[in-house]
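Trainee: I should like to discuss the side-chain and helix contacts of this structure. May we begin with a charge and a ring?

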Amino acid sequence: MDPTQWTTPESERDRTEGAPPRHRVAVLALPGVPPFELGIPSRVFGSVADAEGRPLYDVTVCTADGAPVLSDAGFTVQPAAGPEALAAADTVIVPPTHAMPELGQGGPLPPEVTAAIAGIRPGTRLVSICTGSYVLAAAGLLDGRPATTHWNLAPEFRRAYPKVKVDEEVLFVDDGDVLTSAGVAAGVDLCLHMIRRDHGAAAANRAARMCVVPPWRDGGQAQYIDRPVPEPTVASTTATRAWALEHLGEPLTLARLAEHARMSLRSFTRRFRDEVGMTPVQWLTAQRLELAKQLLETTDLSIDLVAHRAGFGSANSLRAHMRTAFGVSPASYRRTFSANDLVEAGG
C-alpha cells in the first residue's frame with residue numbers, strides 16, 4: 001500500500017468538510033507486547049476532541065509486517081495495518097516487548113522491524129513507553145540523546161547502549177522529536193504531556209478526566225519512592241496537597257503547609273518527599289505553572305492577573321518561571337494556544 005494513502009474513511013470525511021487533518025499516531029506492536037502499555041496511546045489520544053467534538057488524533061495499531069503478534073498475556077493482537085502506517089504517521093509510539101531478550105545485550109533488531117523503522121519519514125515524532133526504548137536504541141535513534149527507561153533496567157540499558165544518555169530518575173524525557181518514558185503508568189503521563197504540547201493544558205486535562213487519571217505529573221518527577229509507602233495510620237500530606245491546590249494564589253510558605261498538615265517542618269518535608277518524589281517548593285511551583293497555563297489558554301486575563309491568581313506575585317516572576325520551565329514567555333504561550341483554539345473551533 002502507498003503510505004500516502006493510509007488513512008481512515010472517517011478522516012477523509014473530516015478533511016472534505018474543511019476540518020484540520022488529524023494527527024496520525026502509529027503504535028508499533030511487537031511480539032511479547034504487554035496489553036496495558038499497548039492500549040495506552042489509543043485510550044489517551046482517543047480521548048482528545050476539538051470544540052466540535054471531532055477527534056484530533058487517529059491512532060492505529062500496526063505491526064512490522066502486518067501479521068498478528070502474540071502479546072505477553074497469551075492472546076494474539078490483530079493489527080489494523082502494517083509498516084505503511086509507520087511510514088505515514090506523524091507520531092510513532094513503541095510500547096515495550098518482552099520477547100526480544102537479545103536487545104538487553106545490545107543485539108540487533110529482527111530484519112522486519114529494522115525495515116519498518118527505516119521507512120519512518122524524517123521529522124516524525126518518535127516515542128517509547130518503558131522498554132520500548134530498547135527498540136529505539138537498537139535502531140540507533142537514541143545515540144547521543146537523553147532518554148529514560150524503567151529504572152530497574154537502567155544499568156542493563158546503559159551497558160547495552162553506552163551512547164545513550166540514560167536518566168532513570170525521571171518519569172519521561174522530552175527531547176523534542178524523540179520522547180521516552182519510564183514504566184507502565186509513566187506512558188500515560190507522557191501521552192498527556194504530548195497532548196498538552198500539541199493542544200494545551202485544557203485539552204490534556206479533559207483527556208485525563210475522561211481516562212480518570214491525574215492530569216499532570218512533571219517529567220522530572222522521580223520514578224520511584226526510596227522509602228516504603230506509609231501505612232494508613234501514618235500521617236499523610238494528601239489532604240494538605242488538596243488544600244494547597246485550592247489556595248495557590250495565596251502565600252504558601254513551608255511553615256503554613258506544615259501547620260495545615262499538623263506536622264513539624266522536618267516531618268512534613270520528609271513525608272512530602274516520600275509521597276510525591278519532590279520537595280514541597282518544587283511541587284508548588286509545578287502546580288502554579290500548570291494553573292498559569294490554564295488561565296493563559298482559557299481566559300483573557302492580563303499577565304499580571306494570571307501571575308497573581310497562580311501565586312507568582314508578579315508578571316516578572318511568572319515570566320522567569322515560564323522561561324525556565326518551558327522556554328517561552330506567558331504572552332508567547334498564550335498566542336500559541338489561542339491559535340490552536342481557533343483551529344479546533346474551525347476558525
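Trainee: At what distance from the ring centre of Phe272 does Arg241 lie?

Mentor: The model is a predicted one. A charge sits over a ring if CZ of Arg is within 6 Å of the ring centre and within 35 degrees of the ring normal. Arg241 lies over the face of Phe272, and its distance from the ring centre is 5.9 Å.

Trainee: How are the rings of Tyr134 and Phe157 arranged, stacked or edge-to-face?

Mentor: The structure holds six aromatic pairs. In the pair of Tyr134 and Phe157, the ring centres are 5.0 Å apart. Planes over 60 degrees apart count as edge-to-face; the planes here stand at 85 degrees, so the pair is edge-to-face.

Trainee: Which parts of the chain does this pair link, and how many residues apart are they?

Mentor: Tyr134 belongs to helix 5 (residues 132-138) and Phe157 to helix 6 (residues 154-160). The pair thus links distant parts of the chain, with a separation of 23 residues.

Trainee: Is Phe157 buried or exposed?

Mentor: Residues under 20% relative accessible area count as buried. The value for Phe157 is 0%, so Phe157 is buried.

Trainee: Which residues form one aromatic cluster with Tyr134?

Mentor: Tyr134 also forms an edge-to-face pair with Tyr161, at 6.0 Å centre to centre and 85 degrees between the planes. Tyr134 lies in helix 5 and Tyr161 in the loop between helix 6 and strand 8 (165-166), so this pair ties together parts 27 residues apart in sequence. The residues that join Tyr134 in one aromatic cluster are Phe157 and Tyr161.

Technical notes: Residues are numbered from 1 along each chain as its sequence is written. This is a predicted model: local features need pLDDT of at least 70, side-chain atom pairs count only at pLDDT 80 or more; totals for chains, interfaces and linings use all residues. Side-chain values use heavy atoms; hydrogens and water are left out. Rings of Phe, Tyr and Trp (its six-membered ring) pair if their centres lie within 6.5 Å; planes under 30 degrees apart count as stacked, over 60 as edge-to-face and the rest as tilted. Helices (H or I, at least four residues) and strands (E, at least two) are DSSP runs, numbered from the N terminus. Buried means under 20% relative accessible area, exposed over 50%, partly exposed in between (1.4 Å probe, protein chains only).
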